[in-house]
Amino acid sequence: MPDRARPILVIGSTGTTGRRTAPGVATSPVARRTANLQAPRLVTATLFVAGLVLLGIGGASLVAPVAFHAGSGISLGESSSLLSEARAAGGSLLGVGAVILLGAFVSRLAFTASVLGAVMYVSYGLSRLLSMAVDGMPAQELVLATAVELILGLLCVAALVAHRRHAGGVRRARPAALTRWSTP
């Protein structure tokens, strides 16, 4: 089988095979290997950081919700209902953080972890922006949390795109049930 793999985008490469390629498309084996190594590193680093952040925040909110929220100027008081809500949210963040962190080390979970991270962080960040527009500005710690959430969310989206590009050459067979019912 000839060494004619599909082109991969690499910044600054113009190709070396003699066939015409668009600027930035690498067709040499070295350029392909370099591009293939960059995507997993981005995904791994992003998922590792995103997972650790959620583990820390979720764990703190689950174990010590009064102290954790007091750091942002939020008083939970003695209401067992409010404490239950804070702990439930903390447990959820802890669980999602564990899955995202696992995605950094288990390649089969990387795609799912990237989707979870993107949805979790972008939805939290956008919800905080909506709250700022409707309810006014919160404490500076929460404004900083908004920026961090949006940055981590966008990094998870970038990791998702990088993961899809890296795995783009692998085509999976369609299940027989889908093939049978699809239109010709």
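Helix H5 has 27 residues. Its first and last C-alpha atoms lie 39 Å apart, close to the 39 Å expected at 1.5 Å a residue. The model is predicted, and this span is computed from its coordinates. Ten positions along the helix need separate mention: Leu142, Thr146, Glu149, Leu152, Gly153, Cys156, Ala159, Leu160, Ala162 and His163 are buried in H5.

One of these buried residues, His163, was paired with Arg41 for a distance check across the chain. The two are 122 residues apart in sequence, yet their C-alpha atoms are separated by 10.0 Å. Arg41 belongs to helix H1. Its relative accessible area is 59%. Arg41 is therefore exposed, since this value is over 50%. His163, by contrast, is buried.

Ser114 sits in helix H4. Its relative accessibility is 0%. The cut-off for buried is under 20%, so Ser114 counts as buried. Beyond four places in sequence, Ser114 touches Val43, Leu47, Cys156, Ala159 and Leu160. Three of these partners, Cys156, Ala159 and Leu160, are among the buried residues of H5. The other two, Val43 and Leu47, recur in the core described next.

The largest nonpolar core holds 17 residues. Val43, Leu47, Leu54, Ile100 and Tyr121 touch the most other members. Four helices each give two or more residues to this core: H1 (29-63), H3 (80-105), H4 (110-135) and H5 (140-166). The largest share, five residues, comes from H4.

Leu54 illustrates the contacts around one such residue. Leaving out residues up to four places away in sequence, Leu54 touches Gly59, Leu93, Leu94, Val96, Gly97, Ile100, Met120 and Tyr121. Two of these partners, Ile100 and Tyr121, are also among the core residues that touch the most other members.

Nonpolar side chains also appear at the surface. Phe48, Val49, Leu52 and Phe105 make a nonpolar surface patch of about 370 Å². H1 gives the most to the patch, with three residues. Val49, one of the patch residues, is found in H1. At 41% relative accessibility, Val49 lies between the 20% and 50% cut-offs and so counts as partly exposed. Helix H1 thus holds the exposed Arg41 and the partly exposed Val49. H1 also gives two or more residues to the nonpolar core.

Methods. Residues are numbered from 1 along each chain as its sequence is written. This is a predicted model: local features need pLDDT of at least 70, side-chain atom pairs count only at pLDDT 80 or more; totals for chains, interfaces and linings use all residues. Side-chain values use heavy atoms; hydrogens and water are left out. A nonpolar core is a set of buried Ala, Val, Leu, Ile, Met, Phe, Trp, Tyr and Cys residues joined through side-chain atoms within 4.5 Å. Buried means under 20% relative accessible area, exposed over 50%, partly exposed in between (1.4 Å probe, protein chains only). Contact means heavy atoms within 4.5 Å. The expected span of a helix is 1.5 Å times one less than its number of residues. Patches are made of residues with over 30% relative accessible area and no salt bridge: like charges are joined within 9 Å, nonpolar side chains (Val, Leu, Ile, Met, Phe, Trp, Tyr) within 5 Å. Accessible areas come from the Shrake-Rupley method with a 1.4 Å probe; for residues, only the protein chains shown count as cover. A salt bridge is a side-chain nitrogen of Lys or Arg within 4 Å of a carboxyl oxygen of Asp or Glu.
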